[in-house]
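User: Please take one residue of this model and examine its surroundings closely. Then set that site in the context of the rest of the chain, in one connected account.

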Amino acid sequence: MAEPLIVVDRITFAYPGAASPVFQNFSFQLGPEDHLGLIGPNGSGKTTLLHLIMGLLRPQAGRIIIFGNEVKTEKDFVPVRQQIGLLFQNADDQLFCPTVLEDVAFGPLNQGKSPAAAKEIALATLERLGLSGFEDRVTYKLSGGEKRLVSLATVLAMQPRVLLLDEPTSGLDEKTKHRLIHIIQELHIPFVIVSHEPDFLHHTVHNCCHLHLDHCEIKPVMLEEIYHEKDKVPNRGATSCCFGGPDRLVNG
Ligand SMILES: Nc1ncnc2c1ncn2[C@@H]1O[C@H](COP(=O)(O)OP(=O)(O)OP(=O)(O)O)[C@@H](O)[C@H]1O
Ligand SMILES: [Mg+2]
């Protein structure tokens, strides 16, 4: 079996002052071919897991191994953040430059691309997302859905090896959602998508990992069984869902 790209190995994580941990002895893996949905109720830890993978939070116990290397310190996570693209749940956490072009070109520039190359990548990414003409727009004046798409552009412009998308469809209209489905279906990289939208996952992922607040349940389940949606349009391969993910244990 191919080496996993991301390994979360028996971690325990609690927010400071919290009465109980979000994760206890929790494990998760993402392989090079995986297109994984991450589902679970509000507060079950989906965003927290993505932030742990990116090193924005650190576990109190356990290991995180990315691209074969254990990552512990800020220095370890710097290259990780250049190769794993995280779409934040909240677009305002993602966008910080005055204009759209600056925001989208920021990643490529940070990766060492020349200003001309970064601009070219940014413009091409904006076009791919149907955002041509947005380059000089003032970021904070964009609508919620526009901010969502520009955020995605900032992530895709980095040409990541792995994508972590935290509720990418929130605030998007149906047409834009469909465009996003097409874009994701054309991605040839592994990804994790957090979403509360079964239909969207049905069209974009192969398997789902279902997080619960206080227990683990690992079993392959048809998406239809979870969502009772047997009659949806054909998708490209959403076949099963697993509860809890590999070796997930929460609160014992
Ligand atoms: N900065 C924080 N400080 C303290 N507790 C937090 C913090 N962020 C999240 N939590 C708590 O950690 C738990 C997991 O939160 P998280 O945001 O990961 O859930 P989620 O599954 O992404 O939820 P949602 O579907 O609402 O986005 C929740 O109980 C939440 O209240
Ligand atoms: Mg969340």
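Analyst:
**H35 and its setting**

H35 is buried, because 22 other C-beta atoms lie within 10 Å and 20 or more are required for that class. The model is a predicted one, and what follows describes its computed geometry.

H35 belongs to strand β3, which covers residues 35-39. Beyond the residues up to four places away in sequence, H35 touches P190, F191, T204, V205 and H206. The pairing with F191 can also be stated as a distance: 156 residues separate H35 and F191 along the chain, yet their C-alpha atoms are 5.0 Å apart.

The wider chain gives the background to this site. The chain has 252 residues, of which 41% are buried. Its secondary structure amounts to eight helices and 11 strands. Among contacts with a separation of 6 or more, 72% join residues that are 24 or more positions apart.

The nonpolar interior comes next. The largest nonpolar core holds 59 residues, and the members that touch the most others are V8, V104, A153 and L164. Helix α5 supplies the largest share of this core, namely six residues. For L164, the contacts outside four places in sequence are with L50, I53, I84, G85, L86, L87 and V192. Two of these partners, L50 and I53, are among the buried residues of helix α1.

Helix α1 spans residues 46-53 and is largely enclosed by the rest of the structure, since six of its eight residues are buried. The buried residues are K46, T47, L49, L50, L52 and I53. After the helix comes G55, which has a positive phi near 80°.

K46 and T47 also appear in the surroundings of ligand 1. That shell consists of Y15, A18, V22, G40, N42, G43, S44, G45, K46, T47, T48 and Q89. By class, the shell comprises eight polar residues, three nonpolar and one charged.

Helix α3 and helix α5 form another part of the picture. The axes of α3 (residues 100-110) and α5 (residues 144-156) approach within 7 Å and cross at roughly 30°. The two helices are therefore roughly parallel to each other, because angles under 35 degrees fall in that class. The contact has five nonpolar, two polar and one charged residues. On the α3 side, V100, D103, V104, F106 and G107 take part, and they meet V150, A153 and T154 of α5. V104 and A153, both named in this contact, are also among the core members that touch the most others.

An α-helix has 3.6 residues a turn, so residues three or four places apart point the same way. The buried residues in α3 are V100, L101, D103, V104, A105, G107 and P108. Their cover includes α5 and also α4 (115-128). G112 follows α3 and has a positive phi, near 100°.

Q94 offers a further link to α5. Q94 sits in the loop between β6 (84-87) and α3. Q94 counts as buried because it has 21 C-beta neighbours inside 10 Å. Its contacts, leaving aside neighbours within four places in sequence, are F88, S151 and T154. T154 is also one of the α5 residues that α3 meets. From Q94 to L152 the sequence separation is 58 residues, and the C-alpha to C-alpha distance is 9.1 Å.

Finally, two backbone conformations deserve notice. Most residues other than glycine have a negative phi. N25, which is not a glycine, has a positive phi of about 55°, and F67, likewise not a glycine, has a positive phi of about 50°. N25 is located in strand β2 (residues 23-30), whereas F67 occupies the loop between β4 (61-66) and β5 (69-70). N25 is partly exposed, with 18 other C-beta atoms within 10 Å. F67 is also partly exposed, with 16 C-beta neighbours inside 10 Å.

To return to the starting point, H35 is a buried residue of strand β3, and its contacts outside the immediate sequence include F191 and H206.

Conventions:
Residues are numbered from 1 along each chain as its sequence is written. Chains are lettered from A and ligands numbered from 1 in the order in which they are written. This is a predicted model: local features need pLDDT of at least 70, side-chain atom pairs count only at pLDDT 80 or more; totals for chains, interfaces and linings use all residues. Axes are lines fitted to C-alpha atoms, for helices over the stretch in contact, and angles run from 0 to 180 degrees between N-to-C directions. Helices (H or I, at least four residues) and strands (E, at least two) are DSSP runs, numbered from the N terminus. Angles under 35 degrees count as roughly parallel, over 145 as roughly antiparallel, 65 to 115 as roughly perpendicular and the rest as oblique. Two residues are in contact if their C-beta atoms, placed from the backbone, lie within 7 Å. Ala, Val, Leu, Ile, Met, Phe, Trp, Tyr, Cys and Pro count as nonpolar, Asp, Glu, Lys and Arg as charged, and the others, Gly among them, as polar. A residue is buried if 20 or more other C-beta atoms lie within 10 Å of its own, exposed if 12 or fewer, and partly exposed in between; C-beta atoms are placed from the backbone. A residue is near a molecule or strand if its C-beta atom, placed from the backbone, lies within 6 Å of it. A nonpolar core is a set of buried Ala, Val, Leu, Ile, Met, Phe, Trp, Tyr and Cys residues joined through C-beta atoms within 7 Å.
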